[in-house]
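Student: Hi! I have not met this structure before, and I would love a slow, close look at one part of it, with a few words on its surroundings at the end.

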Amino acid sequence: MSALPTVSAAESSSAAVGRVVSGGVDTSHRAILYLEDITVSFDGFRALDKLTLTIDAGELRCIIGPNGAGKTTMMDVITGKTRPDSGSAFFGQTIDLTRLTEAEIAHAGIGRKFQKPTVFENHTVFENLELAMKTDKRVRASLRARLDSAQLDRIAATLDLIRLSGEARKLAGLLSHGQKQWLEIGMLLMQEPQLLLLDEPVAGMTDEETERTAELFKTLAGGHTVIVVEHDMEFIASIADVVTVLHEGSVLAEGSLDKVKNDSRVIEVYLGR
Amino acid sequence: MNQAQVIEIPAMPAVRLPAGLGTPPALFSVKGWAALLAFVLSVSVLVPVLFIIVPQDNSFHLSAYFVTLVGKIMCYCVVALAMNLIWGYAGILSLGHGVFFALGGYAFGMYLMRMIGREGQYQSDLPDFMVFLDWKAYPWYWSFTEHFWYALLLVVLVPGVLAFVFGFFAFRSRIKGVYFAIITQALTFAFMLLFFRNDTGFGGNNGFTDFKRILDFRIAEPATRATLFALTGIYLAAVLVLTRAIVRSKVGRILTAIRDSENRLMFSGYNPLWYKLSVWTLSAVLCGIAGALYVPQVGIINPSEMSPANSIEIAIWVAVGGRGTLLGPVLGAALVNGAKSFFTQSFPEYWLFFLGLLFILVTLFLPKGVIGIVEMLRRNRA
């Protein structure tokens, strides 16, 4: 971490909003996400306290921690929803996340699934995927947008992957909770992100759905980087390589699930309660 | 540089989409186009004939009162469509749309005032109200307003630029919902106070009136009135088609997505600012043009058009008709204004009570407005 890059993404931050960041993310030093000394306070409460975390490209990382540990705030910082009071957040070597808007960060290649499934309830499943698809998202392009056959195939493939082909015409608001979770994951995939942030992706899913979700995430890791925030230990055990435990806004422990489970401090603050 | 791999959807056998998905549906059905054509023909041929050619004692004759009233209501219908675009689809409630309508009206009114020439009370080159203020020349911002084309330009630019600048700062600061509605109320109120002042140079609380000529045609002539009426009808039909085209495009789906879940849209890589700003500015311009058509037909424009209550009424038309539907706003504007002209003639003191009652009833029982009833009846029959 001593060689933290200081090059700001002048190119991407000055580019017109909504444009695809050219060149993509530079992961030449293996890591795709660097968070260093991030501090965020809300009315004196330190949601994040000098949080330092590095995620390698292609990794599937699970983040756990008791309520209020700062998991969601960390995602807010990475996706531009919350600006840190201090510290730096880089996507790859060059893209400074603290300078970009939510839309620019999404374009740079970070996709986010919310804790509560967030889909466009008054649009059909098909339209939800269409809106999420990676393309020129500026107004003028959207006015003339027509789906070509490659794009239609892509939507069809994603519908199949998230097992919603039969529901393509259904309004997303009418889907079951688990189906909405899957639709949101499908929307993330349509964005073709390099880094996926998933906030409790299996909350409210049946056991079978959870199992299939775990399978899906394992196929996604490697090709892209996945960060999962989850409470379901069984689910974490089924997917995680490396687990990070957050506590009071900073990293308490990091390592394999077994190692973390046996850490005395972790047992004290989290697992042993 | 070692580029990270773009995520590929795992390989799988080719999957077909259910038929018909992804191909945009036709703008209107054949029936819809036919209805639209019938409407355009009746405003541009049928009404002029019944108004000008059919003699007054014939029971088919249309009175000047009727033509003016319907012409005025059609202007309001356009305002309702413009309001629906921003409120019904993008979910941004504006309670200041009257200001754009009035500014379009004032911009064109300046031209109409110039065309009075020396036919005013004081037989001066200046409008009567300027003579009254003892002004010797037109203020600078009246320059070139004697040119018809320049006036048309102002009709589009004044509401457009105001909406763009106001919208840019409001949307960039992410002002939403009730806060945005209150600021738009303040905007129209501020303009009303400004225009009430005699020194502003727009006739104070009397506004502009006593118009004589438009181009070289006398405004009181039936043929001129019929032409203005026909233009208004054609404009209404065009705005209807434009609204439909926008709503049916991907932009329309993005606008409703802003309404329903702006966060998800932002994290999907869209910047809502430009979508809101575009449709907001377009909506203002559509209102401005409607105002410009309204003024020569009604024969007067004054600052009361900018009163906060007027702008609230626009929202009521849309709510009564059915927000977020294509025809709802047109229906709402026509129904409420039809009722208004009936009430204000027969029971003037009860109109505001009726309007308030209507709004409460619609909010409580008809979330989709009058169009909602029509849809329900149709579904029950099917």
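Could we start with chain A? Among contacts in chain A between residues at least 6 apart in sequence, what percentage join residues at least 24 apart? And could you then walk me through the pieces of this chain?

Tutor: Happy to! Please keep in mind that this is a predicted model. Among contacts in chain A between residues at least 6 apart in sequence, 69% join residues at least 24 apart. Chain A has 273 residues, of which 56% count as buried. About 11,000 Å² of chain A is exposed, and carbon and sulfur atoms supply 47% of that area. In terms of elements, chain A contains 11 helices and 10 strands.

Let's begin with a sheet. In chain A, 4 strands form an open sheet with antiparallel pairing, in the order S2-S1-S4-S5. Its edge strands are S2 (45-56) and S5 (95-96) of chain A, each of which pairs on one side only. Within this sheet, strand S1 (residues 31-42) of chain A joins S2(A) through 8 bridges in the antiparallel sense. To find this pairing on your screen, look for A:Leu33, which stands opposite A:Ile55 in S2(A). As background, strands of a sheet pair through backbone hydrogen bonds, either parallel or antiparallel.

You can meet the parallel arrangement in chain A too. Strand S6 (residues 110-113) of chain A runs parallel to strand S7 (residues 195-199) of chain A, and 4 bridges join them. Here A:Ile110 stands opposite A:Leu195 in S7(A). What about the two faces of S6(A), are they covered or open? Both are covered: A:Ile110 and A:Arg112 on one side are buried, and so are A:Gly111 and A:Lys113 on the other.

Now for a helix. Helix H2 (residues 71-78) of chain A is largely enclosed by the rest of the structure, because 7 of its 8 residues are buried. The buried residues of H2(A) are A:Lys71, A:Thr73, A:Met74, A:Met75, A:Asp76, A:Val77 and A:Ile78. Just after H2(A) comes A:Gly80, with a positive phi of about 85°.

A:Glu192 also has a positive phi, of about 50°, although this residue is not a glycine. You will find A:Glu192 in the loop between helix H7 (177-190) and S7 of chain A. Its relative accessibility is 18%, so A:Glu192 counts as buried, since the cut-off for buried is under 20%.

Another loop residue to visit is A:Thr118, located between S6 and helix H4 (125-132) of chain A. A:Thr118 counts as buried because its relative accessibility is 18%. Which residues does A:Thr118 contact, leaving aside its neighbours within four places in sequence? They are A:Glu184, B:Ser261 and B:Arg264.

One last stop in chain A is A:Val266, whose place is in helix H11 (residues 264-271). A:Val266 is buried, with a relative accessible area of 0%. The C-alpha atoms of A:Val266 and A:Arg99 are separated by 34 Å, and these residues are 167 residues apart along the chain.

Since A:Thr118 has contacts in chain B, let's take a brief look over there. A nonpolar patch on the surface is formed by B:Leu153, B:Leu157, B:Val161, B:Phe164, B:Val165, B:Phe169 and B:Trp274, which together have about 630 Å² of accessible area. Helix H5 (residues 148-172) of chain B supplies the largest share of this patch, 6 residues. B:Phe169 lies in that helix, H5 of chain B, and is partly exposed, with a relative accessible area of 46%. In the loop between helix H4 (128-132) and H5 of chain B sits B:Phe144, a residue other than glycine whose phi is positive, near 65°.

Finally, the cysteines. A disulfide is a covalent bond between the sulfur atoms of two cysteines. How many disulfides are counted over all chains? The count comes to 0. B:Cys77, for example, is in no disulfide, and the nearest cysteine sulfur, that of B:Cys75, is 9.0 Å away. B:Cys287 is in no disulfide either, with the sulfur of B:Cys75 as the nearest cysteine sulfur at 11 Å. B:Cys77 is buried, with a relative accessible area of 3%, and B:Cys287 is buried as well, with 0%.

Methods:
Residues are numbered from 1 along each chain as its sequence is written. Chains are lettered from A and ligands numbered from 1 in the order in which they are written. This is a predicted model: local features need pLDDT of at least 70, side-chain atom pairs count only at pLDDT 80 or more; totals for chains, interfaces and linings use all residues. Side-chain values use heavy atoms; hydrogens and water are left out. Patches are made of residues with over 30% relative accessible area and no salt bridge: like charges are joined within 9 Å, nonpolar side chains (Val, Leu, Ile, Met, Phe, Trp, Tyr) within 5 Å. Accessible areas come from the Shrake-Rupley method with a 1.4 Å probe; for residues, only the protein chains shown count as cover. A salt bridge is a side-chain nitrogen of Lys or Arg within 4 Å of a carboxyl oxygen of Asp or Glu. Buried means under 20% relative accessible area, exposed over 50%, partly exposed in between (1.4 Å probe, protein chains only). Contact means heavy atoms within 4.5 Å. A disulfide is a pair of cysteine sulfur atoms within 2.5 Å. Two strands pair if DSSP finds at least two bridges between them.
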